[in-house]
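Please open the model in the viewer and display side chains as sticks. The tour below proceeds by selection, with a short account of what each one shows.

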Amino acid sequence: MKLVMAVVQGKDVEGLMSALRAANYRATQINSSGGFLRENNVTVMTGVDDTQVPDIFRLIHDNCYTRTQYVNPLLPIMEPGEFYMPNPVEVQVGGATVFVLPVVRYERIMPQAAGGARAGAGA
Ligand code: 2BA
């Protein structure tokens, strides 16, 4: 089993999550932000059989898009009276950054409450 972790842009997450659901994959999304742009993105985690990893990559390819962003570089150290005109730098943000990790153990822990009722529930 593998854990596929994909950092995707917020604009693509609904399409990707819908496609994963439609193909019967379980997935979790975590709000995250990139260390460089400091903008919100989303990390999608999905645990799948090894044989399903290529299918996950296909769904990511089909639903995540490269976009151009402009970043203002950090201000240089200036002497008093100096003037600096910032020149935005173009950055290509990828459709997704994907990590595939081996899973040592996967378990869904689903104990049943005694008598079928939720423990602590009222009479
Ligand atoms: P950010 O760190 O905000 O990076 C956004 C985009 O800025 C990157 O797109 C890349 O084009 C550019 N960039 C990042 N660091 C740079 C640097 N030191 N110098 C110049 N340009 C730089 P992507 O490479 O497609 O990455 C998109 C997002 O995926 C990243 O957002 C980050 O959240 C995540 N990511 C990328 N590589 C990663 C890695 N090795 N480990 C963990 N997360 C990663």
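Select Gln 9 and Arg 67: in this predicted model, their side chains make a polar contact at 3.1 Å. The side chain of Gln 9 also reaches the backbone oxygen of Val 93, at 3.4 Å. Gln 9 itself belongs to strand 1, which comprises residues 2-9. With a relative accessibility of 11%, Gln 9 counts as buried, because the cut-off for that class is under 20%. Expanding the selection to residues in contact with Gln 9, and leaving out those up to four places away in sequence, adds Asn 41, Tyr 65, Thr 66, Arg 67, Val 93, Gly 94 and Gly 95.

Next, select His 61 in helix 2, which spans residues 53-63. His 61 is exposed, with a relative accessible area of 62%. Add Ala 96 and draw a distance between the two C-alpha atoms: they are 8.2 Å apart, although 35 residues separate His 61 and Ala 96 along the chain.

The final selections concern backbone torsions. Most residues other than glycine have a negative phi. Select Asn 24, where phi is positive, near 70°. Asn 24 occupies the loop that joins helix 1 (10-22) to strand 2 (28-33). Its relative accessibility of 71% places Asn 24 among exposed residues, because that class begins over 50%.

Then move to Arg 38, in the loop between strand 2 and strand 3 (40-48). Here too phi is positive in a non-glycine residue, with a value near 60°. Arg 38 counts as exposed, at 66% relative accessibility.

Definitions and conventions:
Residues numbered from 1 in each chain as written. Predicted model: local features only at pLDDT ≥ 70, side-chain atom pairs only at ≥ 80, totals over all residues. Heavy atoms only, no water. Helix = DSSP H or I, 4+ residues; strand = E, 2+ residues; numbered from the N terminus. Buried < 20%, exposed > 50% of the residue type's maximum accessible area, 1.4 Å probe, protein only. Polar contact = N/O pair within 3.5 Å; in protein donor to acceptor, adjacent residues only side chain to side chain. Contact = heavy atoms within 4.5 Å.
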